[in-house]
Amino acid sequence: MVSGAQPGPAVVELPRPIREAIVVQARAEYPNEACGLIVGDRPAADGGRALRYEPTRNKASSPYRYEVDPADLLRLTIETDDADEVFWGIVHSHTHSPAVPSPTDVGLAFYPDSLYLLVSLADPEADRATGEPSVRAWRILDGAVEEVALSS
């Protein structure tokens, strides 16, 4: 369910190298969904910056859903905590549907301070000028979904 205004930024910067890394991984993992984490200096909702992309394994190995591998999640949780960093964004791909959170995605949104970034490999979603996959960001809080514009 897309809602009205909610806390958090209306626009965030996604550095081009991070966007490119997300798209490369999504294409490499096809036909399964890809997933990963964007590490930041503080939460996007607090004006934090995206610092780097950390690809993770999809434990589900499925074209229809994703689950960040628990070993990857534990390792990255410890690393980011030790570095005084945060999970700025939770990333996954949709192989045949738009870069919009599904009801399952909304139900599994366990990080309220993080953005949820989706990349769509569906042809109709591609940028008409460049052919690049659609990458969109969302704030999901208590089941409410709000799109956050991306700049680079």
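In the predicted model, Phe87 has a relative accessibility of 11% and therefore counts as buried, since residues under 20% fall in that class. Phe87 takes part in an aromatic pair, and a search of the whole structure finds 1 such pair. Its partner is Tyr111: the two ring centres are 5.9 Å apart and the planes meet at 65°, so the arrangement is edge-to-face. Phe87 belongs to strand β4, whereas Tyr111 sits in the loop between α3 (103-107) and β5 (115-120), so the pair ties together parts that are 24 residues apart in sequence. In contrast to the buried Phe87, Tyr111 counts as partly exposed because its relative accessibility is 30%.

Strand β4 (86-94) also contributes to the surroundings of helix α2, as it is included in what covers the buried residues of that helix, together with β2 (35-40) and β3 (50-56). Helix α2 comprises 13 residues, from 70 to 82. The span from the first C-alpha of α2 to the last is 18 Å, close to the 18 Å expected at 1.5 Å a residue. Its buried residues are Asp72, Leu76 and Thr80. These three cover an arc of only 50° around the axis, which means that they lie on the same side of α2. Such a pattern of spacing can be read against the geometry of the helix in general: an α-helix has 3.6 residues a turn, so residues three or four places apart point the same way. On the face of α2 turned away from the buried side, the exposed residues are Leu74, Asp81 and Asp82.

Both ends of α2 show local features. At the N-terminal end, Asp69 acts as a cap, with a side-chain oxygen 2.9 Å from the backbone nitrogen of Ala71. Just after the helix, Asp84 adopts a positive phi of about 55°.

The capping residue is also engaged in a salt bridge, in which the side chain of Asp69 meets that of Arg57 at 3.1 Å, N to O. Arg57 and Asp69 both lie in the loop between β3 and α2, so their pairing ties together parts that are 12 residues apart in sequence. Asp69 counts as buried because its relative accessibility is 15%, while Arg57, with a relative accessible area of 48%, is partly exposed.

Within α2 itself, the side chains of Glu79 and Arg75 form a salt bridge with an N to O distance of 3.5 Å. Because Glu79 and Arg75 are 4 residues apart in the helix, about one helical turn separates them. Glu79 is partly exposed, with a relative accessible area of 36%, and Arg75 is likewise partly exposed, with a value of 35%.

Across the whole structure, the search finds 10 salt bridges. In general, side chains of opposite charge can pair when their charged atoms come close. One further pair joins the side chains of Arg52 and Glu54, with 2.9 Å between N and O. In this pair, Arg52 counts as partly exposed at 28% relative accessibility, whereas Glu54 is buried, with a relative accessible area of 17%. Salt bridges also link Arg19, Arg27 and Glu132 in a network.

Technical notes. Residues numbered from 1 in each chain as written. Predicted model: local features only at pLDDT ≥ 70, side-chain atom pairs only at ≥ 80, totals over all residues. Heavy atoms only, no water. Helix = DSSP H or I, 4+ residues; strand = E, 2+ residues; numbered from the N terminus. Expected span 1.5 Å × (residues − 1). Buried < 20%, exposed > 50% of the residue type's maximum accessible area, 1.4 Å probe, protein only. Arc of directions from axis to C-beta. Contact = heavy atoms within 4.5 Å. Polar contact = N/O pair within 3.5 Å; in protein donor to acceptor, adjacent residues only side chain to side chain. Phe/Tyr/Trp six-rings, centres within 6.5 Å; stacked < 30°, edge-to-face > 60°. Salt bridge = Lys/Arg side-chain N within 4 Å of Asp/Glu carboxyl O.
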